[in-house]
Each structure stands twice: as structure tokens, then as C-alpha cells.
Amino acid sequence: MNFDTLVRELLGAPDEGPLSSLPYARTLGLSYRRDADGITIIMPFSKDLIGAPSRLHGGTVAGLLEIASIAQLVHVLGREETAPGVKPINVTVDYLRAAACETTYAAAIVTRMGRRIANVRAEAWQGDRSAPVAAAHMNVMLVRE
């Protein structure tokens, strides 16, 4: 994935809409909603997302979490005069319970923002935000010119 494309798409964008600049986001049918807390990514259910019978494929949930992490980072970095490039260093996903065949949401928080590295934590849920289906921790390199 080219996350710099996502950065360009989200900076100055309206408060909600489809994520169309990343092919993977288009494949998943992702859209976003921006509010006071940050950005929520929405993945509507599609038969193409099924892994095991009656469950979402783990890769789709991981991709959702990764994009939510970068989107929140873009939201935070949007306050800077020149947004740095973002390059994921690593992502760790914890699958907490099976993701049912329904709309899935993800949101993230930036837990640490340094000059060169940012740490982001994301959660995905369905219906009840207090019962996440997966969580992720992501370390991102910030490329400043």
C-alpha cells in the first residue's frame, strides 16, 4: 500500500466519504467519518470478505486496522504545516474474537508522537464499541524533509 496516497486523500477532505485512492481500500469498500475524536473507518459487509464460514477473513480485519491507524495519524499530522511521509515499520494484530459477517468499524489513537517515530493503537468492532473483535499496535516512521 502507498500510504502517502492516503495522506493526500485525507488532508483537506470533507468529514466523511469513501476511501478511493488505495486499491485495497476500494476492494474492501472502505469509507471514513471524521469527528472530534478523530477518524473512524467503516468496512461494510460483502460476501467477498468472508474467510471461514460465517466469519470475516482475518486479512481484511488486519487491513482495516492498518488503514485506520494511518488515517488517525494523518488526522493528527494534519495540524502540521508540511505533513511528513509515513512508512509502517511493523504491525501487530491481536484477534480477540471471531468477526461476524456484518459491518465493521475501526478507530485508532496515536499513543506516542516523536520526531521520527509514531506509535498508534487501533481497535475494530461490530455493533458494540466496547467489545472489539481485534486490536492492533503499529509503529510508523515519519519521513520529514
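In this predicted model, the side chain of threonine 104 reaches the side chain of glutamine 126 through a polar contact of 2.9 Å. Threonine 104 sits in strand 5 and is fully out of reach of the probe: its relative accessibility is 0%, so it counts as buried. Besides Gln126, its contacts beyond four places in sequence take in Ile41, Ile42, Met43, Leu56, Leu64, Ala124 and Trp125. Of the elements involved here, strand 3 covers residues 38-43, helix 3 runs over 58-77 and strand 6 spans 117-125.

Next along the chain comes tyrosine 105, also in strand 5, and with it the aromatic side of the story. A search through the whole structure turns up one aromatic pair. Its members are tyrosine 105 and tryptophan 125, whose ring centres lie 6.0 Å apart; the planes meet at 20 degrees, so the pair is stacked. The two partners are 20 residues apart, with tyrosine 105 in strand 5 and tryptophan 125 in strand 6, and the pair thus links distant parts of the chain. They do not share a burial class. Tryptophan 125 has a relative accessibility of 8%, which is under the 20% limit, so it counts as buried. Tyrosine 105, at 24%, is over that limit and therefore partly exposed. Tryptophan 125 is also among the contacts of threonine 104.

Now for the interior. The largest nonpolar core holds 37 residues, and Leu19, Leu30, Ile41 and Leu65 have the most contacts inside it. Two or more residues each come from helix 2 (23-28), strand 3, helix 3, strand 5 (104-113), strand 6 and strand 7 (132-143). Helix 3 gives the largest share, ten residues. This fits a general pattern: nonpolar side chains in soluble globular proteins tend to be buried together. Ile41, one of the residues with the most contacts inside the core, also touches threonine 104.

Leucine 65 gives a good view of how helix 3 meets its surroundings. Leaving out residues up to four places away in sequence, leucine 65 touches Val93, Ala106, Ala122, Glu123, Ala124, Ala134, Ala135 and Ala136. Serine 69 is another helix 3 residue, and a polar one in a covered spot: its relative accessibility is 1%, so it counts as buried. Past its neighbours within four places, serine 69 is in contact with Ala108, Val120, Ala122 and Met138. Ala122 thus turns up in the contacts of leucine 65 and again in those of serine 69. Residues three or four places apart on an α-helix point the same way, because the helix has 3.6 residues a turn.

Helix 3 as a whole is mostly covered, with 17 of its 20 residues buried. From its first C-alpha to its last, helix 3 reaches 29 Å, close to the 28 Å expected at 1.5 Å a residue.

A few spots outside helix 3 are worth a look. Serine 54 lies in the loop between strand 3 and helix 3 and has a positive phi of about 65 degrees, although it is not a glycine. Most residues other than glycine have a negative phi. With a relative accessibility of 49%, serine 54 falls in the partly exposed class, since exposed would need over 50%. Glycine 114 belongs to another loop, the one between strand 5 and strand 6. Its relative accessible area is 15%, so glycine 114 is buried. Not counting residues up to four places away, glycine 114 touches Leu142 and Arg144. The C-alpha atoms of glycine 114 and arginine 34 are separated by 23 Å, with their positions 80 residues apart along the chain.

Glycine 85 is in strand 4 (residues 85-95) and is buried, at 17% relative accessible area. Glycine 85 and serine 69 are 16 residues apart in sequence, and their C-alpha atoms are 14 Å apart in space. Over in helix 2, tyrosine 24 is partly exposed, with a relative accessible area of 29%. Between the C-alpha atoms of tyrosine 24 and leucine 73, which are 49 residues apart along the chain, the separation is 19 Å.

As for confidence, the chain averages a pLDDT of 89, and 92% of the residues score at least 70. By element, strand 6 has the highest mean pLDDT, 98, and helix 1 (residues 3-10) the lowest, 67. Strand 6 is also the home of tryptophan 125, the stacked partner of tyrosine 105.

Conventions: Residues numbered from 1 in each chain as written. Heavy atoms only, no water. Core = buried A, V, L, I, M, F, W, Y, C linked by side-chain atoms within 4.5 Å. Buried < 20%, exposed > 50% of the residue type's maximum accessible area, 1.4 Å probe, protein only. Helix = DSSP H or I, 4+ residues; strand = E, 2+ residues; numbered from the N terminus. Contact = heavy atoms within 4.5 Å. Phe/Tyr/Trp six-rings, centres within 6.5 Å; stacked < 30°, edge-to-face > 60°. pLDDT = per-residue confidence, 0-100. Polar contact = N/O pair within 3.5 Å; in protein donor to acceptor, adjacent residues only side chain to side chain. Expected span 1.5 Å × (residues − 1).
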